[in-house]
Amino acid sequence: MRKINTSIIEETVYKLALKAGVNLTAPCAAALEKAYENESSAACAFALKTLIDNGETARRKDMPVCQDTGMAVVILEIGQEIFFDGGLLTDAVNNAVRRAYRDGYFRKSICDPITRENTGDNTPAAVHTEIVAGDKIKITFLPKGFGSENMSRLYMLKPAQGVAGIIDAIVETVKLAGSRPCPPVYVGVGIGGSFDTCAYLAKKAITRDIGESNPRADIAKIERAALERINALGIGCQGFHGDTTALGVSCECAPTHIAGLPVAVNIQCHCVRCEKEII
């Protein structure tokens with residue numbers, strides 16, 4: 001067994017949060033550059049160049065890359081040979097978020113859903129844990145803005161709708177969203193599981209690098225087909241009607257019940273911010 005003090009978790013999440021707030025992921029920056037080079041619409045090319053310049057300025061000046069610094073989503077993949085000492089694991093994560101959003105001058109956006117009273121420090125974070133083999137912890141930090149989050153959808157399809165129904169659901173979600181999630185978007189898709197686990201799979205899908213295909217050939221085929229149809233919509237960067245509406249589609253899959261086919265589609269805006277570390 002390996003003992004880890006939760007203070008180490010706190011410091012790691014703190015570091016990842018500060019970095020994520022000011023940096024696009026390298027695959028996201030590369031995808032924006034590629035989209036700009038291939039764009040035939042002058043308006044969309046101008047918008048893409050503006051997004052690229054904004055990302056570079058944020059990185060250079062160590063400033064938030066987007067005014068919506070997001071809800072802190074933290075995924076902890078914990079090796080089963082680990083035990084923790086110190087304080088509670090969730091307290092460590094929330095302490096890290098609290099400190100990072102203060103020290104990084106990030107907007108604090110978390111509030112009570114009924115009274116709308118702001119918690120004042122961007123906590124609590126959305127914390128997801130998975131137990132995996134080994135004695136390591138993989139920590140993923142995703143600041144999730146809600147302009148795109150609000151455009152997400154969950155479908156409880158009939159099994160007979162099959163692959164065609166899955167792709168239709170993905171494309172419909174992006175089409176209905178239009179320009180509102182600040183395209184070009186990154187689309188995370190959960191396929192299977194239950195009502196709740198399907199949504200988590202969709203969230204986890206957008207923590208993958210843009211352009212990284214699912215290892216299952218049939219799932220990767222869905223990703224490619226959905227991306228092609230989304231870009232054929234012509235919504236384009238910021239809704240200016242161009243060639244690239246989505247930078248990528250990533251799908252995660254889990255077994256489901258014989259009577260169901262849940263599909264969750266989690267929309268991420270062009271501003272993909274995600275940091276990971278294994279300790």
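Two strands count as paired if DSSP finds at least two bridges between them. Keep that in mind as you walk through this predicted model.

**Stop 1: the whole chain**

Start with everything shown. The chain has eight helices and 10 strands. Its C-alpha trace spans about 55 × 50 × 40 Å along the principal axes. For 279 residues, a compact globule would have a radius of gyration near 19 Å, and the chain agrees, because its own value is 19 Å. Now try a surface view: the chain exposes about 13100 Å², and carbon and sulfur atoms supply 56% of that area. Buried residues make up 51% of the 279 residues.

**Stop 2: a first sheet**

Select residues 71-79, which form strand β2, and residues 137-144, which form strand β5. These two strands pair in the antiparallel sense over eight bridges. As a general point, strands of a sheet pair through backbone hydrogen bonds, either parallel or antiparallel.

Which residue in β5 stands opposite Val-73? Click on Leu-142 to find it.

Now widen the view. β2 and β5 belong to an open sheet of four strands, with the order β4-β2-β5-β10 and mixed pairing. Its edge strands are β4 (126-132) and β10 (275-278), each of which pairs on one side only. From one strand to the next, the twist averages 15 degrees.

Next, add residues 89-103. This is helix α4, which lies across β2, β4 and β5 and runs at about 140 degrees to β2. Then add helix α7, residues 195-205. Helix α7 packs on the sheet and touches β2, β4 and β5, with its direction at about 95 degrees to that of β2.

**Stop 3: another sheet**

Keep α7 on screen and bring in another open sheet of four strands, with the order β6-β9-β7-β8 and mixed pairing. At its edges stand β6 (153-157) and β8 (246-256); each has a single partner strand, so one side of each is left without a neighbour in the sheet. Here the twist averages 15 degrees from one strand to the next.

Zoom in on β7 (residues 185-193) and β9 (residues 261-268), which run antiparallel and are joined by six bridges. What is the bridge partner of Ile-191 in β9? Look for Val-263.

Helix α7 packs on this sheet too, touching β6, β7, β8 and β9, and its direction makes about 145 degrees with that of β7. Finally, select residues 217-231 for helix α8, which packs on the sheet against β7 and β8, at about 140 degrees to the direction of β8.

Definitions and conventions:
Residues numbered from 1 in each chain as written. Predicted model: local features only at pLDDT ≥ 70, side-chain atom pairs only at ≥ 80, totals over all residues. Heavy atoms only, no water. Axes fitted to C-alpha atoms, helices over the stretch in contact; angles between N-to-C directions. Contact = heavy atoms within 4.5 Å. Rg over C-alpha atoms; globule rule 2.2 N^0.38 Å. Buried < 20%, exposed > 50% of the residue type's maximum accessible area, 1.4 Å probe, protein only. Areas by Shrake-Rupley, 256 points an atom, 1.4 Å probe, with all protein chains shown as cover.
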